[in-house]
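Hi everyone, thanks for coming. I'd like to walk you through one protein model today, so please have a look at the screen.

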Amino acid sequence: RLGSFAATGTLGLRPYGYDEARRLEFVLRLDDGVERAWKGFRSTQRNEIKRFEASGARCLAAADDRSVATFRSIQDETFKRHVAQGKERSRTDPAMLSALWEKVVRPGRARAYFALKDDVALSTALVGRCGPRAYLIYSASTLEGFALHASKGLLWHVLKTEFEAGMREFN
């Protein structure tokens with residue numbers, strides 16, 4: 001079941017240098033299991049995930065020091081690709097990423113997931129966790145990962161893994 005909600009009003013943070021924007025949020029409720037969600041995906045999405053899985057790629061969660069560097073390199077490649085496409089994006093400060101890793105990933109409040117093929121990282125997703133809800137904080141793919149639909153395959157892996165760990169809503 002897909003629900004949505006939109007933030008109303010503002011937090012009044014503009015005087016402090018923040019830009020505020022209204023955006024629509026979606027929540028995927030998995031009370032009936034991930035297989036029901038699978039059936040709700042468009043057939044093109046299911047086929048792309050199947051092709052990714054058949055490619056020999058694998059997905060895993062990791063939080064070691066090497067993972068921080070891998071996450072950063074995929075993020076940098078994505079940033080450069082978006083800039084070349086004229087998309088306005090900001091790069092995460094390396095110190096902030098290190099702090100995020102130490103304060104959120106290592107203690108288990110978020111998981112860093114990676115899609116790999118032949119031990120080369122293709123895609124990454126940082127997924128926060130709070131009770132029965134998981135939420136996508138950030139995701140990125142290399143050009144090879146993009147062509148292989150690694151981000152879709154990885155997010156399907158995330159849904160199944162987090163569901164097994166007790167997650168019932170994904171934002």
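**How far to trust it, and what to look at**

This is a predicted model, and the protein has a mean pLDDT of 84, with 82% of its residues at 70 or more. Confidence varies along the chain, though: among the elements, strand β1, residues 2-6, has the lowest mean pLDDT at 44, while helix α2, residues 43-54, has the highest at 96. Over residues 1-7 the pLDDT is below 50, even though this stretch has 23 contacts in the model beyond near neighbours in sequence. Where pLDDT is low, the predicted coordinates should not be read in detail.

Let's turn to α2, then. This helix has 12 residues and spans 16 Å from its first C-alpha to its last, close to the 16 Å expected. Which residues of α2 are buried? They are Glu 48, Ile 49 and Phe 52. Looking down the helix axis, the buried residues of α2 fall within an arc of 100 degrees, so they line one face. They pack against several elements, including α1, β4 and α6. On the other side of α2, Arg 51 and Ala 54 are exposed. Just after the helix, Gly 56 has a positive phi of about 95 degrees.

Now for some strands. β5, residues 120-130, and β6, residues 133-141, run antiparallel and are joined by 8 bridges; one pairing puts Val 127 with Leu 136. The two strands make a hairpin with 2 residues between them, and Gly 131 in the turn has a positive phi of about 60 degrees. β6 also runs parallel to β7, residues 169-170, through 2 bridges, and there Ala 134 stands opposite Phe 170.

Note on methods: Residues are numbered from 1 along each chain as its sequence is written. This is a predicted model: local features need pLDDT of at least 70, side-chain atom pairs count only at pLDDT 80 or more; totals for chains, interfaces and linings use all residues. Side-chain values use heavy atoms; hydrogens and water are left out. pLDDT is the predictor's confidence in each residue, from 0 to 100. Helices (H or I, at least four residues) and strands (E, at least two) are DSSP runs, numbered from the N terminus. Contact means heavy atoms within 4.5 Å. The expected span of a helix is 1.5 Å times one less than its number of residues. Buried means under 20% relative accessible area, exposed over 50%, partly exposed in between (1.4 Å probe, protein chains only). The arc is that of the directions from the helix axis to the C-beta atoms. Two strands pair if DSSP finds at least two bridges between them.
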